[in-house]
Amino acid sequence: MAWGILLGLAAQGAAAGLIEDSSATLTARNFYLDRDYKGDTPYPAAREWAQGFILKANSGFTEGTVGFGLDLTGLLGLKLDSSPERTATQLLAYNSRTREARDEYSELGLTLKARVSKTRLSLGTQFPSLPVITASPARLLPQSFRGVSLVSDEWDDLTLHAGRMDRVNLRDSTDYEPIGLASPNGRFKAGATSEHFDFYGGEYRPTSGLTLRLLRAELDDIYTQDFFGVLHMAPLGTGRFRSDVRIFNSREDGRAKAGSIDNLNVGAMFTYLWGVHGLGVGYMRQFGDSAFPYIAGGEPSVLSDGTMSADFVNPRERTWAVRYDHDFAGIGLPGLTGMVRYLHGDSIDLPALGGSRLTESSKDFELAYVVQSGPAKGLVLRIREAFYRNQQGAASSFRSDNETRINIDYTLKIW
(Lines give C-alpha, C1' and ligand atoms only; values in the text may rest on other atoms or scores of the structure.)
Protein backbone atom coordinates (compact mmCIF):
# COMPACT_ATOMS: atom_id res chain seq x y z
CA MET A 1 0.00 0.00 0.00
CA ALA A 2 2.82 2.43 0.93
CA TRP A 3 4.62 1.73 -2.36
CA GLY A 4 1.32 2.32 -4.17
CA ILE A 5 0.98 5.77 -2.64
CA LEU A 6 4.49 6.75 -3.68
CA LEU A 7 4.13 5.37 -7.19
CA GLY A 8 0.92 7.35 -7.51
CA LEU A 9 2.73 10.52 -6.53
CA ALA A 10 5.55 9.76 -8.95
CA ALA A 11 3.05 9.27 -11.75
CA GLN A 12 1.70 12.77 -11.07
CA GLY A 13 5.17 14.23 -11.63
CA ALA A 14 5.67 15.19 -7.96
CA ALA A 15 8.46 12.81 -7.09
CA ALA A 16 11.58 14.62 -8.31
CA GLY A 17 13.21 14.65 -4.86
CA LEU A 18 12.08 11.13 -4.10
CA ILE A 19 14.92 9.58 -6.11
CA GLU A 20 17.45 12.42 -6.07
CA ASP A 21 17.76 12.46 -2.26
CA SER A 22 17.55 8.71 -1.76
CA SER A 23 20.27 6.52 -0.25
CA ALA A 24 20.90 2.86 0.45
CA THR A 25 23.46 0.97 2.55
CA LEU A 26 24.10 -2.68 3.31
CA THR A 27 25.83 -3.64 6.57
CA ALA A 28 27.33 -7.10 7.00
CA ARG A 29 27.73 -7.93 10.71
CA ASN A 30 29.56 -10.98 12.04
CA PHE A 31 28.86 -11.49 15.76
CA TYR A 32 30.28 -13.94 18.30
CA LEU A 33 28.95 -13.89 21.87
CA ASP A 34 30.20 -16.12 24.70
CA ARG A 35 28.91 -15.98 28.29
CA ASP A 36 30.80 -18.36 30.52
CA TYR A 37 28.78 -18.57 33.74
CA LYS A 38 30.48 -18.99 37.12
CA GLY A 39 29.33 -20.59 40.37
CA ASP A 40 25.85 -22.08 40.78
CA THR A 41 24.03 -21.84 37.46
CA PRO A 42 21.28 -23.82 35.67
CA TYR A 43 23.43 -24.04 32.52
CA PRO A 44 27.15 -23.39 32.06
CA ALA A 45 27.22 -21.07 29.04
CA ALA A 46 25.40 -19.08 26.39
CA ARG A 47 27.54 -19.18 23.27
CA GLU A 48 26.59 -18.53 19.62
CA TRP A 49 28.07 -17.23 16.38
CA ALA A 50 25.99 -15.61 13.66
CA GLN A 51 26.12 -13.55 10.48
CA GLY A 52 23.71 -10.68 9.92
CA PHE A 53 22.83 -8.34 7.06
CA ILE A 54 21.09 -4.99 7.52
CA LEU A 55 19.77 -3.20 4.43
CA LYS A 56 18.60 0.40 4.78
CA ALA A 57 17.03 2.12 1.76
CA ASN A 58 15.72 5.64 2.36
CA SER A 59 13.94 7.74 -0.24
CA GLY A 60 13.88 11.50 -0.39
CA PHE A 61 10.62 13.45 -0.29
CA THR A 62 8.25 14.35 -3.11
CA GLU A 63 7.97 18.00 -4.08
CA GLY A 64 5.24 20.26 -2.79
CA THR A 65 4.09 21.76 0.49
CA VAL A 66 3.75 18.29 1.91
CA GLY A 67 6.48 15.86 0.84
CA PHE A 68 6.09 12.10 1.07
CA GLY A 69 8.68 9.34 1.15
CA LEU A 70 9.35 5.75 2.11
CA ASP A 71 12.09 4.01 4.10
CA LEU A 72 12.79 0.29 3.82
CA THR A 73 14.74 -1.87 6.29
CA GLY A 74 15.64 -5.47 5.46
CA LEU A 75 17.12 -7.73 8.15
CA LEU A 76 18.60 -11.22 7.79
CA GLY A 77 20.25 -13.38 10.45
CA LEU A 78 22.12 -16.62 9.67
CA LYS A 79 23.28 -19.26 12.16
CA LEU A 80 26.97 -20.14 12.04
CA ASP A 81 27.27 -22.03 15.34
CA SER A 82 24.81 -22.89 18.12
CA SER A 83 23.43 -25.79 20.17
CA PRO A 84 20.43 -26.27 22.51
CA GLU A 85 22.76 -26.14 25.52
CA ARG A 86 24.13 -22.73 24.51
CA THR A 87 21.20 -20.70 23.10
CA ALA A 88 19.59 -17.56 24.57
CA THR A 89 22.32 -15.12 23.55
CA GLN A 90 19.64 -13.10 21.69
CA LEU A 91 21.71 -13.39 18.52
CA LEU A 92 19.42 -16.00 16.96
CA ALA A 93 15.74 -16.86 17.06
CA TYR A 94 15.17 -20.28 18.65
CA ASN A 95 12.42 -22.73 19.56
CA SER A 96 11.53 -22.21 23.23
CA ARG A 97 10.55 -25.90 23.63
CA THR A 98 13.54 -27.61 22.01
CA ARG A 99 15.96 -24.65 22.37
CA GLU A 100 17.13 -25.30 18.81
CA ALA A 101 18.26 -22.11 17.06
CA ARG A 102 16.78 -21.42 13.65
CA ASP A 103 19.14 -21.60 10.67
CA GLU A 104 17.94 -18.19 9.51
CA TYR A 105 15.41 -15.51 10.29
CA SER A 106 14.50 -12.39 8.34
CA GLU A 107 12.07 -9.50 8.17
CA LEU A 108 11.20 -6.44 6.12
CA GLY A 109 10.18 -3.13 7.65
CA LEU A 110 8.45 -0.27 5.83
CA THR A 111 8.08 3.31 7.05
CA LEU A 112 5.89 5.85 5.27
CA LYS A 113 7.03 9.40 6.01
CA ALA A 114 5.83 12.95 5.39
CA ARG A 115 7.51 16.33 5.75
CA VAL A 116 6.06 19.80 6.17
CA SER A 117 8.66 22.54 6.51
CA LYS A 118 11.01 21.24 9.27
CA THR A 119 8.53 18.77 10.78
CA ARG A 120 8.67 15.06 9.91
CA LEU A 121 5.99 12.45 10.56
CA SER A 122 6.65 8.72 10.08
CA LEU A 123 4.37 5.70 10.27
CA GLY A 124 5.40 2.04 10.38
CA THR A 125 8.72 0.49 11.43
CA GLN A 126 10.53 2.72 13.92
CA PHE A 127 14.02 2.80 15.48
CA PRO A 128 13.66 5.43 18.24
CA SER A 129 16.75 6.62 20.10
CA LEU A 130 15.60 8.57 23.14
CA PRO A 131 16.34 8.12 26.87
CA VAL A 132 12.78 6.85 27.49
CA ILE A 133 12.64 4.49 24.47
CA THR A 134 15.59 3.11 22.51
CA ALA A 135 15.62 0.46 19.78
CA SER A 136 18.52 -1.62 21.08
CA PRO A 137 21.34 -2.16 18.53
CA ALA A 138 23.35 -4.40 20.88
CA ARG A 139 22.95 -7.73 19.06
CA LEU A 140 23.15 -9.14 15.55
CA LEU A 141 20.03 -7.30 14.35
CA PRO A 142 18.43 -4.21 15.95
CA GLN A 143 15.24 -4.13 17.95
CA SER A 144 12.41 -2.22 16.25
CA PHE A 145 8.98 -0.83 17.11
CA ARG A 146 5.76 -0.31 15.17
CA GLY A 147 4.03 3.00 15.49
CA VAL A 148 3.95 6.68 14.60
CA SER A 149 6.60 9.28 15.39
CA LEU A 150 6.89 13.05 14.96
CA VAL A 151 10.09 15.14 15.07
CA SER A 152 9.96 18.92 14.68
CA ASP A 153 12.84 21.40 14.24
CA GLU A 154 10.67 24.42 13.44
CA TRP A 155 12.35 26.56 16.11
CA ASP A 156 16.07 27.22 16.28
CA ASP A 157 17.85 25.31 19.07
CA LEU A 158 14.69 23.32 19.91
CA THR A 159 13.75 19.81 18.77
CA LEU A 160 10.36 18.35 19.73
CA HIS A 161 9.51 14.64 19.85
CA ALA A 162 6.20 12.82 20.12
CA GLY A 163 5.01 9.34 19.28
CA ARG A 164 3.00 6.23 20.00
CA MET A 165 4.34 2.69 19.62
CA ASP A 166 1.93 -0.24 19.80
CA ARG A 167 4.18 -3.24 19.10
CA VAL A 168 7.82 -4.27 19.48
CA ASN A 169 9.99 -6.65 17.44
CA LEU A 170 12.73 -8.09 19.62
CA ARG A 171 16.35 -8.48 18.51
CA ASP A 172 16.06 -12.24 17.99
CA SER A 173 12.52 -12.31 16.61
CA THR A 174 10.58 -11.65 13.40
CA ASP A 175 7.18 -11.14 15.05
CA TYR A 176 5.68 -7.95 16.43
CA GLU A 177 4.24 -8.41 19.92
CA PRO A 178 2.78 -6.27 22.72
CA ILE A 179 5.29 -4.05 24.49
CA GLY A 180 6.32 -5.48 27.86
CA LEU A 181 8.14 -4.41 30.99
CA ALA A 182 11.60 -5.83 31.69
CA SER A 183 11.53 -7.77 34.94
CA PRO A 184 14.93 -9.38 35.59
CA ASN A 185 15.49 -10.69 39.11
CA GLY A 186 11.71 -10.82 39.64
CA ARG A 187 11.51 -7.06 40.18
CA PHE A 188 7.96 -6.75 38.84
CA LYS A 189 5.05 -9.05 37.95
CA ALA A 190 6.29 -11.23 35.10
CA GLY A 191 4.64 -11.05 31.68
CA ALA A 192 3.01 -7.62 32.03
CA THR A 193 2.36 -6.09 28.59
CA SER A 194 0.65 -2.98 27.27
CA GLU A 195 -1.28 -2.01 24.16
CA HIS A 196 0.73 1.15 23.57
CA PHE A 197 3.68 3.28 24.66
CA ASP A 198 3.38 7.09 24.36
CA PHE A 199 6.12 9.70 24.64
CA TYR A 200 6.59 13.42 24.11
CA GLY A 201 9.09 16.12 24.99
CA GLY A 202 12.06 17.95 23.58
CA GLU A 203 15.69 18.99 23.51
CA TYR A 204 16.72 22.62 23.97
CA ARG A 205 20.18 23.97 23.16
CA PRO A 206 20.36 27.46 24.74
CA THR A 207 24.10 27.86 24.18
CA SER A 208 26.85 26.09 22.30
CA GLY A 209 27.84 22.95 24.18
CA LEU A 210 24.72 22.78 26.37
CA THR A 211 21.67 20.55 25.75
CA LEU A 212 18.68 20.29 28.10
CA ARG A 213 16.33 17.32 27.62
CA LEU A 214 12.82 16.89 29.05
CA LEU A 215 10.63 13.91 28.14
CA ARG A 216 7.58 12.08 29.45
CA ALA A 217 6.72 8.46 28.63
CA GLU A 218 3.82 6.18 29.47
CA LEU A 219 3.60 2.42 29.06
CA ASP A 220 -0.17 2.27 29.37
CA ASP A 221 -1.45 0.59 32.56
CA ILE A 222 2.12 -0.22 33.64
CA TYR A 223 4.28 2.86 34.31
CA THR A 224 4.71 6.60 33.73
CA GLN A 225 8.21 8.06 33.52
CA ASP A 226 9.56 11.62 33.45
CA PHE A 227 13.12 12.28 32.26
CA PHE A 228 15.33 15.33 32.69
CA GLY A 229 18.85 15.40 31.29
CA VAL A 230 21.75 17.81 30.94
CA LEU A 231 24.61 17.42 28.45
CA HIS A 232 27.37 20.00 28.70
CA MET A 233 30.81 20.38 27.11
CA ALA A 234 33.17 23.18 28.10
CA PRO A 235 36.90 23.93 27.63
CA LEU A 236 39.03 23.31 30.70
CA GLY A 237 42.78 23.76 30.76
CA THR A 238 44.29 21.99 27.77
CA GLY A 239 41.22 19.82 27.25
CA ARG A 240 37.43 19.70 27.59
CA PHE A 241 35.12 18.79 30.46
CA ARG A 242 31.94 16.85 29.65
CA SER A 243 28.96 16.51 32.00
CA ASP A 244 26.12 14.02 31.48
CA VAL A 245 23.32 14.16 34.09
CA ARG A 246 20.25 11.90 33.82
CA ILE A 247 17.23 11.86 36.16
CA PHE A 248 14.27 9.50 35.73
CA ASN A 249 11.17 9.64 37.94
CA SER A 250 8.92 6.57 37.50
CA ARG A 251 5.66 5.34 39.06
CA GLU A 252 2.88 2.89 38.21
CA ASP A 253 0.20 3.87 35.71
CA GLY A 254 -3.49 3.04 35.42
CA ARG A 255 -4.24 -0.57 36.37
CA ALA A 256 -0.60 -1.13 37.44
CA LYS A 257 -0.45 -4.50 35.64
CA ALA A 258 3.18 -5.04 36.72
CA GLY A 259 2.55 -4.10 40.35
CA SER A 260 3.78 -1.13 42.37
CA ILE A 261 6.47 1.04 40.76
CA ASP A 262 8.20 3.75 42.77
CA ASN A 263 11.66 4.72 41.52
CA LEU A 264 13.80 7.83 41.23
CA ASN A 265 16.98 7.16 39.26
CA VAL A 266 19.65 9.86 39.56
CA GLY A 267 22.94 9.46 37.68
CA ALA A 268 25.80 11.62 36.49
CA MET A 269 29.02 11.04 34.55
CA PHE A 270 31.80 13.63 34.44
CA THR A 271 34.59 13.14 31.90
CA TYR A 272 37.78 15.07 31.20
CA LEU A 273 39.06 14.81 27.62
CA TRP A 274 42.58 15.83 26.71
CA GLY A 275 44.59 14.84 23.66
CA VAL A 276 44.04 11.13 23.03
CA HIS A 277 42.77 10.48 26.58
CA GLY A 278 39.39 10.49 28.29
CA LEU A 279 38.86 9.87 32.02
CA GLY A 280 35.39 9.74 33.54
CA VAL A 281 33.87 9.21 37.00
CA GLY A 282 30.18 8.53 37.55
CA TYR A 283 27.63 7.79 40.25
CA MET A 284 24.03 6.49 40.06
CA ARG A 285 21.49 5.79 42.78
CA GLN A 286 18.04 4.22 42.95
CA PHE A 287 15.60 5.91 45.35
CA GLY A 288 12.13 4.60 46.19
CA ASP A 289 10.69 1.14 46.80
CA SER A 290 11.21 -0.50 43.40
CA ALA A 291 13.78 -1.03 40.68
CA PHE A 292 14.04 1.19 37.61
CA PRO A 293 11.41 0.25 34.96
CA TYR A 294 12.24 -0.01 31.27
CA ILE A 295 10.94 -1.73 28.13
CA ALA A 296 11.66 -5.45 27.80
CA GLY A 297 14.08 -6.58 25.13
CA GLY A 298 16.63 -3.81 25.44
CA GLU A 299 18.72 -1.84 27.91
CA PRO A 300 17.96 1.20 30.07
CA SER A 301 19.51 4.52 29.01
CA VAL A 302 21.09 5.16 32.39
CA LEU A 303 24.66 5.57 33.67
CA SER A 304 25.36 1.83 33.23
CA ASP A 305 24.29 1.89 29.56
CA GLY A 306 26.70 -0.22 27.55
CA THR A 307 27.49 -2.80 30.23
CA MET A 308 27.14 -6.34 28.89
CA SER A 309 26.08 -8.63 31.73
CA ALA A 310 23.75 -6.59 34.00
CA ASP A 311 21.87 -3.28 34.21
CA PHE A 312 22.76 -2.05 37.75
CA VAL A 313 19.24 -0.69 38.47
CA ASN A 314 18.04 -3.01 41.26
CA PRO A 315 16.02 -1.58 44.18
CA ARG A 316 18.07 0.76 46.42
CA GLU A 317 21.23 0.16 44.41
CA ARG A 318 24.12 2.63 44.46
CA THR A 319 26.61 2.42 41.58
CA TRP A 320 30.06 3.95 41.14
CA ALA A 321 31.76 3.96 37.73
CA VAL A 322 35.23 4.82 36.47
CA ARG A 323 36.06 4.82 32.76
CA TYR A 324 39.17 5.50 30.68
CA ASP A 325 39.24 5.86 26.87
CA HIS A 326 42.34 6.02 24.68
CA ASP A 327 42.91 6.82 20.99
CA PHE A 328 46.03 5.09 19.73
CA ALA A 329 46.43 7.62 16.92
CA GLY A 330 48.76 9.38 19.33
CA ILE A 331 51.33 6.59 18.87
CA GLY A 332 50.85 6.26 15.14
CA LEU A 333 47.94 3.82 15.04
CA PRO A 334 44.98 5.82 13.66
CA GLY A 335 41.67 3.95 13.81
CA LEU A 336 42.58 1.96 16.94
CA THR A 337 40.77 2.89 20.17
CA GLY A 338 40.48 1.27 23.59
CA MET A 339 38.34 1.51 26.70
CA VAL A 340 38.48 0.15 30.26
CA ARG A 341 35.67 0.60 32.79
CA TYR A 342 34.84 -0.53 36.30
CA LEU A 343 31.36 -0.45 37.86
CA HIS A 344 30.50 -1.37 41.45
CA GLY A 345 26.97 -1.54 42.81
CA ASP A 346 26.01 -2.03 46.45
CA SER A 347 23.03 -1.79 48.86
CA ILE A 348 20.95 -3.95 46.47
CA ASP A 349 17.63 -4.87 48.05
CA LEU A 350 16.57 -8.30 46.74
CA PRO A 351 15.40 -10.43 49.71
CA ALA A 352 14.21 -13.24 47.42
CA LEU A 353 17.73 -13.54 46.00
CA GLY A 354 19.75 -13.41 49.17
CA GLY A 355 19.54 -10.18 51.09
CA SER A 356 19.12 -6.43 51.36
CA ARG A 357 22.75 -5.28 51.03
CA LEU A 358 23.95 -7.28 48.05
CA THR A 359 26.73 -6.17 45.70
CA GLU A 360 27.68 -6.58 42.04
CA SER A 361 30.57 -5.40 39.91
CA SER A 362 31.79 -5.46 36.31
CA LYS A 363 35.23 -4.96 34.76
CA ASP A 364 34.82 -4.08 31.07
CA PHE A 365 37.48 -3.90 28.34
CA GLU A 366 37.11 -2.92 24.71
CA LEU A 367 39.44 -2.66 21.72
CA ALA A 368 38.19 -1.45 18.34
CA TYR A 369 39.86 -0.83 15.00
CA VAL A 370 38.50 0.90 11.89
CA VAL A 371 40.45 0.18 8.69
CA GLN A 372 41.60 3.57 7.39
CA SER A 373 42.41 2.89 3.74
CA GLY A 374 42.51 0.32 0.97
CA PRO A 375 39.79 -2.05 -0.30
CA ALA A 376 38.58 -2.75 3.26
CA LYS A 377 38.34 0.92 4.28
CA GLY A 378 35.61 1.36 6.89
CA LEU A 379 35.74 -2.25 8.11
CA VAL A 380 35.22 -2.28 11.89
CA LEU A 381 36.70 -4.93 14.21
CA ARG A 382 35.59 -4.79 17.85
CA ILE A 383 36.50 -7.03 20.80
CA ARG A 384 34.86 -6.65 24.21
CA GLU A 385 35.49 -8.52 27.45
CA ALA A 386 33.53 -8.28 30.70
CA PHE A 387 34.08 -9.93 34.06
CA TYR A 388 30.85 -9.66 36.03
CA ARG A 389 30.32 -10.86 39.62
CA ASN A 390 27.41 -10.61 42.04
CA GLN A 391 26.05 -12.12 45.27
CA GLN A 392 22.61 -13.03 43.92
CA GLY A 393 22.97 -16.77 43.32
CA ALA A 394 21.73 -19.12 40.60
CA ALA A 395 18.14 -17.81 40.67
CA SER A 396 19.26 -14.38 39.48
CA SER A 397 18.57 -13.28 35.91
CA PHE A 398 22.09 -11.85 35.87
CA ARG A 399 24.63 -14.44 37.00
CA SER A 400 28.35 -14.10 37.53
CA ASP A 401 30.12 -14.65 34.22
CA ASN A 402 33.05 -13.94 31.95
CA GLU A 403 31.74 -12.56 28.67
CA THR A 404 33.34 -12.11 25.27
CA ARG A 405 31.86 -10.32 22.26
CA ILE A 406 33.56 -10.06 18.88
CA ASN A 407 32.07 -7.99 16.05
CA ILE A 408 33.20 -7.50 12.47
CA ASP A 409 31.07 -4.90 10.65
CA TYR A 410 31.34 -3.60 7.14
CA THR A 411 28.92 -1.10 5.59
CA LEU A 412 28.69 -0.78 1.82
CA LYS A 413 27.10 2.33 0.35
CA ILE A 414 24.92 1.14 -2.51
CA TRP A 415 23.97 4.63 -3.66
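A salt bridge here is a side-chain nitrogen of Lys or Arg within 4 Å of a carboxyl oxygen of Asp or Glu. Keep that cut-off in mind as we walk through this predicted model, because D166 and R146 meet it, with their closest N and O atoms 2.9 Å apart. D166 lies in strand β9 (residues 158–169) and R146 in strand β8 (residues 144–155), so the pair ties together parts that are 20 residues apart in sequence. Both partners count as partly exposed: D166 has a relative accessibility of 24%, and R146 has one of 37%.

Before going further, a word on confidence. The average pLDDT of the protein is 94, and 96% of the residues score at least 70. Residues 9–13 are a stretch to treat with care: pLDDT stays under 50 there, and the model has five contacts beyond four places in sequence for them.

Let us now follow the strands. Strand β1 (residues 23–37) runs antiparallel to strand β2 (residues 45–58), and 14 bridges join them. If you would like a place to start looking, take T25, whose bridge partner in β2 is K56. Strand β1 is also joined to β23, again in an antiparallel arrangement, by 13 bridges. Here Y37 has D401 of β23 as its bridge partner. In sequence terms, β23 spans residues 401–413.

Back to the charged side chains. Side chains of opposite charge can pair when their charged atoms come close. In this model the count comes to 25 salt bridges. One of them joins R171 and E299, at 2.5 Å from N to O. R171 sits in the loop between β9 and β10 (176–177), while E299 sits in the loop between β18 (277–287) and β19 (318–327), so this pair ties together parts that are 128 residues apart in sequence. How covered are the two partners? R171 counts as buried, at 5% relative accessibility, whereas E299 counts as partly exposed, at 30%.

Another salt bridge joins E366 and R382, whose closest N and O atoms are 3.1 Å apart. This pair links distant parts of the chain, with E366 in strand β21 and R382 in strand β22, 16 residues apart. R382 is partly exposed, and its relative accessible area is 31%. Salt bridges also link R35, E403 and R405 in a network.

Strands β21 and β22 come up again when we turn to the nonpolar side chains. L367, Y369, L381, I383, I406 and I408 form a nonpolar patch on the surface, and together they have about 450 Å² of accessible area. The elements giving two or more residues to this patch are β21 (355–370), β22 (380–390) and β23. One of the patch residues, I383, is placed in strand β22. With a relative accessible area of 42%, I383 is partly exposed, because the partly exposed class lies between 20% and 50%.

For a last stop, find T111 in strand β4 (residues 104–116). Is T111 buried or exposed? At 8% relative accessibility, T111 counts as buried. Leaving aside neighbours within four places in sequence, T111 is in contact with G69, L70 and D71, and also with S122, L123, G124, T125 and Q126. From T111 you can also find your way back to R146, where we began: the C-alpha atoms of T111 and R146 are separated by 9.2 Å, and the two residues are 35 residues apart along the chain.

Technical notes:
Residues are numbered from 1 along each chain as its sequence is written. This is a predicted model: local features need pLDDT of at least 70, side-chain atom pairs count only at pLDDT 80 or more; totals for chains, interfaces and linings use all residues. Side-chain values use heavy atoms; hydrogens and water are left out. pLDDT is the predictor's confidence in each residue, from 0 to 100. Contact means heavy atoms within 4.5 Å. Patches are made of residues with over 30% relative accessible area and no salt bridge: like charges are joined within 9 Å, nonpolar side chains (Val, Leu, Ile, Met, Phe, Trp, Tyr) within 5 Å. Accessible areas come from the Shrake-Rupley method with a 1.4 Å probe; for residues, only the protein chains shown count as cover. Helices (H or I, at least four residues) and strands (E, at least two) are DSSP runs, numbered from the N terminus. Buried means under 20% relative accessible area, exposed over 50%, partly exposed in between (1.4 Å probe, protein chains only). Two strands pair if DSSP finds at least two bridges between them.
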